[in-house]
Structures are given as structure tokens and as C-alpha cells.
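The following exercises are to be worked through with the sequence and the three-dimensional structure at hand. Each task is followed by a solution in steps.

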Amino acid sequence: MAKYLLIESRDPFDSNDTGSYQALAGELVKQGHKVTLFLVQNGVLPARPGTKSQGLTDAVKSGVEVLADDFSLRERGIRADKLVAGVKAAPLDVVVDQLVEGRKALFH
Amino acid sequence: MKTLNIIETAYRATIEEQDDTIVWITHAMKGAGADLSVLLRGNAVNYAVKGQDASGLSFGSEKQTHPPMIAEDVAALMKKGVAVYIAEEDVAARGLERTDLIEGLKPVSRAGIAKLFDEHDQIWNW
Amino acid sequence: MAEKKTLTFAVMDAAYENARTTTALRLMDIAARRGYDINVFAYEGAVTLPFSKQSPHPNAVHGRDADQEDHPLPRKFIAGLMKTAKEKGGKVDWINCGLCVDERGVAEAIEGVRRGSPGDLVKCAQSSDNTLVIGTR
């Protein structure tokens with residue numbers, strides 16, 4: 001089992017590639033790996049429940065740990081206590097923690 | 001350390017640079033001894049299309065003398081021993097057939113991409 | 001004290017163009033405060049980040065003169081990271097891709113920045129605990 005950190009900076013309103021990235025996260029879990037999907041920048045926008053949040057819900061259901069950068073949330077006025085179910089606010093420090101943990105890390 | 005370079009952005013500043021800068025840096029890193037593979041996905045699958053022609057541009061009196069030849073550069077990577085994978089679904093979505101593409105590519109499905117990650121120590125998503 | 005680690009970042013975005021630069025600098029800040037050794041390979045537009053001739057300006061829309069505006073300059077952020085890293089027992093080795101510097105005419109960089117090549121990214125990655133590539137679009 002390997003550990004992965006997938007950082008998502010894009011949002012589904014602006015990019016139609018976020019779905020592929022979420023699906024990749026799910027596929028890695030399906031293949032037995034531990035995966036964190038860390039949302040940052042506009043990547044946190046679908047964490048506010050809305051029309052394009054289903055991908056995150058699916059990722060959570062498939063066993064992906066979905067975290068949203070607390071600064072990016074605050075910057076956009078998204079309340080950390082009103083996120084899509086299963087998505088948690090987290091400090092960017094988590095990314096550095098997981099980098100030094102040696103996770104295979106991608107920035108999208 | 002085996003590294004997978006993912007190339008997905010396509011035709012970004014390729015005229016100004018006369019290259020795709022990630023295909024280029026892959027060549028340079030290979031030359032510096034790196035153990036690399038490449039995955040073309042998203043719009044970058046178009047880099048493998050035969051018959052691309054960016055020649056003939058001029059800006060006032062200034063002519064571009066070396067237009068980018070990206071498919072050739074991708075082929076050259078393979079000649080150097082760099083495995084070049086290409087995302088099958090992205091190829092099909094863009095209306096491309098296998099015969100539209102240069103030889104030597106290794107098609108990979110979405111599920112296969114996850115397995116490909118497993119075979120590499122680092123994944124660099126450019 | 002936290003165990004010393006080494007991280008390598010490859011960045012591509014030019015100054016003032018994208019939030020990815022802010023994220024990259026934030027990550028380096030966290031690493032610097034932990035006293036890590038940080039390698040940065042600046043490729044393409046990112047070689048403008050430590051350009052020493054960036055200068056502040058006023059902001060008439062907000063009625064601020066240059067001093068009041070205190071406009072962010074990436075070169076100062078990078079110098080700040082280098083200072084903090086050193087204070088905490090680490091360092092920042094910022095490498096500007098030389099050809100990228102030449103074509104953009106930004107050879108004047110702040111102290112602590114050196115000119116390099118893709119071979120440096122390979123060397124840094126091979127000697128780091130991990131590498132994160134933040135590409136551009």
C-alpha cells in the first residue's frame with residue numbers, strides 16, 4: 001500500500017478536469033492505497049454545498065480523505081462548519097506533513 | 001528514483017519557446033541522468049498527433065525560423081529510452097484514432113494510470 | 001526540535017499571475033519555520049519571482065502612496081523566507097533556470113539566488129525527502 005497526496009487547486013466551475021482528478025483519487029483507494037485529496041485556492045469552492053459538489057461527496061464515500069485549506073476557505077467566505085459532508089477544513093501544514101512523510105504528491 | 005512526468009497543458013507558449021517546455025525539460029533531465037517516464041493526458045495527447053505544422057509565422061519583419069515540432073520531440077524522447085504513455089480515454093474524447101498518432105506510445109486507461117503511479121517513486125504533474 | 005528534512009519545489013508561474021505562487025510560497029514558509037532545507041527550482045516565468053528590480057508603487061484607487069500601499073514584492077517574500085529558514089537552522093537554495101532567465105532578461109536577482117539548469121532539479125530531487133512540482137496552465 002502506498003500513500004498519496006493529491007492537491008487540487010482547480011474548481012469544477014472553471015475546469016472540467018477536476019472530475020478526472022477526483023476519479024483518480026477514488027481509483028487509487030480502490031487499488032488499496034491511502035489517499036488525501038487536499039483542496040486549495042479555488043479548489044475549495046465545491047466544498048460549499050452546491051451544484052458541483054457531488055464529486056467531493058463521491059470521493060469521501062469511496063474512502064478518500066478530503067481536506068480543504070482553511071485559509072482558502074476563509075479567503076472565500078466559506079464557513080468551515082458548513083462544508084459538504086465528510087470534507088474537513090485543515091491547515092496547509094498537512095501538505096508539508098504528508099510531503100515529509102514521503103507520500104507521492106501531485107499538484108493539480 | 002523513477003519519476004513519471006505528467007504533461008497535460010498543451011500549446012502553452014509553444015510558439016514563443018519553439019518547444020513545449022515540459023517535453024523540453026524532460027529531454028534535459030534525461031540527459032542529466034534522470035530515470036523518467038512521461039504520461040500525456042488531457043489536451044497534451046494532441047502532442048502525439050502526426051502532421052502538426054506550426055510553421056510560417058512572422059511578426060512584422062521578424063520570422064520564426066524554428067517552429068515547434070512537438071510530435072518529433074516526443075518521438076525523440078522515446079528514442080532516448082523514455083517510455084511515453086498516453087491516456088486512452090483522452091485520445092478517444094478528442095476524436096483521435098491510434099493511426100492518427102506517432103508510433104511507440106503506450107496507451108493506458110484511467111485504471112491503468114493508477115497502476116502506473118505505483119510503478120514510479122515520484123509523480124510530477126507539470 | 002523537529003527532525004531536519006529537505007524538500008524540493010519546482011515552480012513555474014510568473015510574478016503576479018496566479019494563486020499557485022502564493023500556495024508555493026506558503027508551503028515554503030511552513031517548511032522554513034520548521035527549519036527544513038528547501039530547494040526551489042524556478043522554471044519559466046517563476047524566474048521573475050526573485051528579480052531584484054521589482055519596485056513598489058502607490059495605489060491611487062485606494063488613495064495610498066507607495067509607502068502606505070506597501071505593495072507586496074515577491075522578491076521580498078523570498079528574502080523573508082531565506083532569512084527565516086536560516087534563523088531556524090535551515091536554508092533556501094533558490095535556483096533559477098538559466099535559459100529561462102536569459103530569455104526574460106531577469107538576470108538581476110536577489111542575493112541567495114543562483115543560476116542553474118534542469119540537472120539541478122534532478123540533483124535536488126534525488127537528495128530530498130520529497131519533491132512537489134507546481135506546474136503552470
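**Exercise 1.** At roughly what angle do the axes of helix α1 (residues 19-33) of chain C and helix α3 (residues 74-87) of chain C cross? Classify their relative direction and describe the residues that meet.

*Solution.* The model is a predicted one.

Step 1. The two axes come within 8 Å and cross at roughly 20 degrees.

Step 2. Angles under 35 degrees count as roughly parallel. α1(C) and α3(C) are therefore roughly parallel to each other.

Step 3. The handedness of the crossing of α1(C) and α3(C) is left-handed.

Step 4. On the side of α1(C), the residues that meet the other helix are L25(C), M28(C), D29(C), A32(C) and R33(C). Their counterparts in α3(C) are F77(C), L81(C), T84(C) and A85(C). Sorted by class, the contact of α1(C) with α3(C) comprises six nonpolar, one polar and two charged residues.

**Exercise 2.** Determine how strand β1 (residues 6-11) of chain C is placed with respect to the rest of the structure, and identify how it pairs with strand β2 (residues 37-42) of chain C.

*Solution.*

Step 1. A residue is buried if 20 or more other C-beta atoms lie within 10 Å of its own. Five of the six residues of β1(C) are buried, so this strand is largely enclosed by the rest of the structure.

Step 2. β1(C) is joined to β2(C) by six bridges, and the two strands run parallel.

Step 3. One bridge can be located by residue: T6(C) has D37(C) as its bridge partner in β2(C).

**Exercise 3.** Which element of chain C gives the most to the side of chain C that touches chain A? Give the composition of that side as well.

*Solution.*

Step 1. The contact draws 14 residues from chain C and 12 residues from chain A.

Step 2. At least two residues of the side of chain C are supplied by each of α1 and β5 (130-134) of chain C. α1(C) gives the most, with seven residues.

Step 3. By class, this side of chain C has eight nonpolar, two polar and four charged residues.

**Exercise 4.** Carry out the corresponding analysis for the side of chain B that touches chain A.

*Solution.*

Step 1. Chain B and chain A each bring 11 residues to the contact.

Step 2. The elements of chain B that give two or more residues to this side are α5 (110-118) and β7 (122-125). With seven residues, α5(B) gives the most.

Step 3. The residues of this side of chain B divide into five nonpolar, three polar and three charged.

Conventions:
Residues are numbered from 1 along each chain as its sequence is written. Chains are lettered from A and ligands numbered from 1 in the order in which they are written. This is a predicted model: local features need pLDDT of at least 70, side-chain atom pairs count only at pLDDT 80 or more; totals for chains, interfaces and linings use all residues. Axes are lines fitted to C-alpha atoms, for helices over the stretch in contact, and angles run from 0 to 180 degrees between N-to-C directions. Helices (H or I, at least four residues) and strands (E, at least two) are DSSP runs, numbered from the N terminus. Angles under 35 degrees count as roughly parallel, over 145 as roughly antiparallel, 65 to 115 as roughly perpendicular and the rest as oblique. A crossing is left-handed if the near helix is turned anticlockwise from the far one by less than a right angle, and right-handed if clockwise. Two residues are in contact if their C-beta atoms, placed from the backbone, lie within 7 Å. Ala, Val, Leu, Ile, Met, Phe, Trp, Tyr, Cys and Pro count as nonpolar, Asp, Glu, Lys and Arg as charged, and the others, Gly among them, as polar. A residue is buried if 20 or more other C-beta atoms lie within 10 Å of its own, exposed if 12 or fewer, and partly exposed in between; C-beta atoms are placed from the backbone. Two strands pair if DSSP finds at least two bridges between them.
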